[in-house]
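Reader: Could you walk me through the pockets of this protein? I would like to look at the model while we talk.

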Amino acid sequence: MSKKTQNHTKEHARFLKGEKRKSALVIILQISILIAFFALWEAASHFGWIEAFIFSSPSRMWRMFTQMLSNGELLHHVWATTSQVLISFVAGTLLGFVIATWLWSREFARRVLSSYLVIFNALPKTALAPIIIVWVGNNPRAIVVTALLISVVVAVLNILTGFLQVEEEKIKLIKSFGGSKAQTFTKVVFPAAIPDMINALKINIGLSFVGVIVGEFLVAQAGLGFLIVYGSQIFRLDMVMMSIVILCLLAALFYQAITAIEKAFKNWAK
């Protein structure tokens, strides 16, 4: 091995070491900020800087958490929200992919429907929730449908944009070799649009949470959204804040799962 190659290897090793150090520092700072936030919140409540009855506190939330966990009530509500988010997320993503694929393959239909997609995307879907309840009924299906309507159009627009941004030269090249539209999609368009589809997943999971919580506000008898509404009605702000913190944790877990899928795709592409 030449001296130049050895120096390059050492520099690369130093670079990787520096990147690992930065990643560790980011994680440490993130955890430190979270701990400091809850510590300051607890101190403010303890010393009377804020009204604990209104703003709650980490210790009050923890007591509520252990109480509801011990009697099994909390797991019931968490599962109700998680299952509905999963159903709406998977259904919205798959339906969005199918519609986006169809629109990509049908240029005339895309030109006709594109304006309607933009208009429907701008429409506050939460305003349709009362109508959905009348149509579907006062049951969990109304929650899933509400979340589905919120997420599916965004999925269509994001995935379709990824399909349409594929380099035209690549498409012309495969067509020049006699490739069919299906081969063009599977060999060129779909692989090139994977990053956009991953981004659509990241957006969709947040929208699915929004849709489910909005639906639970209106019709649910179980779920974290139901706990938030119920807790505010009986002035149990510790229940409300605990539910919000659990929602944040669930959203973070879902996001990390999608990030893991993204890394797996990147490794597969290599």
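Author: Happy to! A pocket here is an open set of grid points with protein on both sides within 12 Å along at least five of seven lines, and its volume is the space filled by probe spheres set on the points. Please keep in mind that this is a predicted model.

Reader: How much space lies in the largest pocket?

Author: Its lining includes Leu34, Phe38, Trp62 and Phe65. The space in this largest pocket comes to about 350 Å³.

Reader: Which element gives the largest share of the lining of the largest pocket?

Author: Three helices give two or more residues each: H1 (3-46), H3 (58-70) and H12 (237-269). Met242, Ile244, Val245, Ile246, Cys248 and Leu249 are among the lining residues. The largest share, six residues, comes from H12.

Reader: How many nonpolar, polar and charged residues has that lining of the largest pocket?

Author: Pro58 and Met61 also belong to the lining, and both Pro and Met count as nonpolar. By class, the lining of the largest pocket has no charged residues, no polar residues and 12 nonpolar residues.

Reader: Thanks! What volume has the second largest pocket?

Author: This one is lined by residues including Trp104, Arg110, Phe163 and Lys181. The volume of the second largest pocket is about 260 Å³.

Reader: And which element gives the largest share of the lining of the second largest pocket?

Author: Helices H4 (73-105), H5 (107-122), H7 (140-164), H8 (168-176) and H9 (181-192) each give two or more residues. The lining divides into five charged, two polar and five nonpolar residues. Glu168, Ile171 and Lys175 are among them. The largest share, three residues, comes from H8.

Note on methods: Residues numbered from 1 in each chain as written. Predicted model: local features only at pLDDT ≥ 70, side-chain atom pairs only at ≥ 80, totals over all residues. Heavy atoms only, no water. 1 Å grid on protein atoms, 1.4 Å probe; cavity = no way out; pocket = protein on both sides within 12 Å on 5 of 7 lines; lining within 4 Å. Helix = DSSP H or I, 4+ residues; strand = E, 2+ residues; numbered from the N terminus.
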